Every structure is written in C-alpha cells, then in structure tokens.
Amino acid sequence: ATMPPTAYDGLYERLGTVLPLPGLLLAGAVAVLPAVLGLWLPLLAALQALGASRARGADAARALPWIAALGVLGLTLVAPASGHGDFTEYQHRGLPLLYLLFVASSCAAIAALLPAGRAAVAERAVPGLAAAAITLSIGPLAAGDPAEPVNDGARAFFPLQLDGETTAAAAHIRAHRVPGQRLVALPGEPEATLNDTASVLVALSETPAWLGRAGIQLATAAEPRRTLIRERLADLDALAAAPDAARFAALAEARGIVWVTVRAPATLAWDREREAAAFRTARIAVYRADGAPR
C-alpha cells in the first residue's frame, strides 16, 4: 500500500515475492473489493445465499451490486492515466457509490428474508439501523475529528483552510461570471501539488482556471504537457509584469482570460495601489481583463 496506515500494510510486498507481475496485478485489483467494502461484501453474499430460494424482486436487482463490482475491477485494471499523469485518477472515483450500493443491497436482502407482514416495516427501519451501525463503528475509531482521513495520502488534503478574503473574491467572480470565461491567480505557484489559490477559486466560483496545481503536473506529466505548464507559468509572470492596462488586457484576451486575482504582497506592475481592481480586500484583488464595467 502506498498510503498507510491500512489493515493490510505490506501485503502487496509479500505477494510480490510469490506471484509473477500479471498475477500480482490481478490480485491487487481483486483486493480492492474487500479493502473498500469490508464486512458488507461477505454479508451481502451470505444474505443473498440465504434468501436465494424465496427472495422477492427481480434477479437483476440482486445481481446489480456484483455487476458493479466487476465494473470497478475493470476500471482498476484498464482505466487510463489522467492528463497530469496520475494513473489512479479514474480508478477510485466509483468506489463510494459501490459501497453505498452494497449497503443498500444488504438492507434490501435483510428485508427480503423477513415474513411478508414484517417486510414493509423492515424496509423502512433497516436503512436507519445500518446508518447508525456505520456511525457507531466509525466514531470510536476516530482519535480526533472523525472527518479526518486516516491514510497519509488523503490526510494531505485535510483540513483545507479557507480565509474569508479568498471566499469573498470567489463569490464576486461567481456573481459576475459568464460561462466560458477563465481565471488566473497571481502570483503563480509552481510548487503547488495538492491545493493552490487557483484550485480554491475554481471550486468556489465554478470558473475554470488557466493554470492550477502546476507542481503536480510538472512532477508527473509527460511532454508536451510539462512544456505547456512552463509556458503558462511564464504567462502569469507576463500578466503581472505588463507595463500598462492595455498590454495587460491584450495578454489576457489572447489566452481567453477574463478574471485575474492578485494576492498580496504581489501587485500588478501597472496598478501598484490596486485602484483598477473590480473587487478588493486587504489581501486580495480581483481584476476584469475584458474591459467590462466594474
């Protein structure tokens, strides 16, 4: 495992000593299911086996979670790498949905095993009991904030601290944006791998960025994408150094950029006092580069 601690730290290393690479890849893909689903995997299998002779409902409904599990295995084995080079990017996106599907199917299987007169009550009660059981199983295991991820990789994203000035700038952009417009955040952050100002603004304003998380792309992407990222970092520097408003607007227009945010202590060369900003706080200013009224 690359994100310890898990319940199976060292398992893949041990398997690698006894299995050839194709077998190791297949074993690793199959292991995703018990690792993600936990007790819900054997529980659903046992419940469906017990109710096979008298289960109510279409067989296709009972088969759905298993068909979905096969789909997850297929994604794990053949999903392509993302544009920034992370080959796991598309492999794990469906896992929360798969977990919920197994929980719901287990609840339905429990209700199906009960006498007909009690099934209607169980169909309403069992989901609530399952949610309570999940909550109780998580709560005692959490040393601090139960929302904090356990593994090292996810913990790097938590907690994401948002300051009121960034959220206010994002709210201004969102209130005035038009679909198709793009934003940039100055100064550029070439070392950013997980979170940066541009990513936060994108999430809060629903406006795509000209460049975000440059560091992870430079570290993992192949050419020609890395060259593109360097060029866009240079574009940010050029915007900041533009000698006047006309040159600033021309550079932005050529790249389809409308919104430019500048975080202190950085400033635009032609507007050190931020007097031309469409929105500003003590530490962040928002400019419209398309000449629209402020």
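Which element gives the most to the nonpolar patch? Helix 2 does, with four residues. Before we get to that patch, here is a quick look at the whole chain.

## Overview

Please keep in mind that this is a predicted model. The protein has 294 residues, and 32% of them count as buried. Its secondary structure comprises 13 helices and four strands.

Among contacts between residues at least 6 apart in sequence, 60% join residues at least 24 apart. The accessible surface comes to about 16,700 Å², and carbon and sulfur atoms account for 65% of that area.

## The nonpolar patch

Back to the opening question. On the surface you will find a nonpolar patch formed by Leu21, Leu25, Leu26, Val30, Leu77 and Val78, which together offer about 600 Å² of accessible area. Two elements give two or more residues to this patch: helix 2 (21–30) and helix 5 (59–78).

Leucine 77 is a good residue to look at here. It is placed in helix 5, and it counts as partly exposed because its relative accessibility is 46%, a value between the 20% and 50% cut-offs.

## The sheet

Now for the strands. The four of them form an open sheet in the order 1-2-4-3, with mixed pairing. At the edges are strand 1 (182–186) and strand 3 (279–280), each of which pairs on one side only. As a general reminder, strands of a sheet pair through backbone hydrogen bonds, either parallel or antiparallel.

Let us walk across the sheet in its order. Strand 1 and strand 2 (residues 257–263) run parallel and are joined by five bridges; here arginine 182 stands opposite isoleucine 257 of strand 2. Strand 2 and strand 4 are also joined by five bridges, but run antiparallel. In this pairing, tryptophan 259 has arginine 288 of strand 4 as its bridge partner. Finally, strand 3 and strand 4 run antiparallel with two bridges between them, and arginine 280 stands opposite alanine 285 of strand 4. A hairpin of three residues links strand 3 to strand 4.

## Helices on the sheet

Which helices pack on this sheet? Helix 9 (residues 164–176) is one of them, and it touches strand 1, strand 2, strand 3 and strand 4 (284–288). The direction of helix 9 makes about 15 degrees with that of strand 4.

Helix 10 (residues 197–205) packs on the sheet as well, touching strand 1 and strand 2. Its direction makes about 145 degrees with that of strand 1.

## Inside strand 4

Why is strand 4 described as largely enclosed by the rest of the structure? The reason is that five of its five residues are buried, and buried here means under 20% relative accessible area.

The cover reaches both faces of strand 4. Ile284, Val286 and Arg288 are buried on one side, while Ala285 and Tyr287 are buried on the other. This fits the general pattern: in a regular strand the side chains alternate between the two faces of the sheet.

## A residue in helix 12

Is aspartate 237 buried or exposed? This residue, which lies in helix 12 (residues 225–241), counts as exposed because its relative accessibility is 52%, and the cut-off for exposed is over 50%.

Aspartate 237 also has a position worth checking against leucine 268. The two are 31 residues apart along the chain, and their C-alpha atoms are separated by 9.9 Å.

Terms used:
Residues numbered from 1 in each chain as written. Predicted model: local features only at pLDDT ≥ 70, side-chain atom pairs only at ≥ 80, totals over all residues. Heavy atoms only, no water. Patch = residues over 30% accessible without salt bridge, like charges linked within 9 Å, V, L, I, M, F, W, Y side chains within 5 Å. Areas by Shrake-Rupley, 256 points an atom, 1.4 Å probe, with all protein chains shown as cover. Salt bridge = Lys/Arg side-chain N within 4 Å of Asp/Glu carboxyl O. Buried < 20%, exposed > 50% of the residue type's maximum accessible area, 1.4 Å probe, protein only. Pairing = 2+ DSSP bridges. Contact = heavy atoms within 4.5 Å. Axes fitted to C-alpha atoms, helices over the stretch in contact; angles between N-to-C directions.
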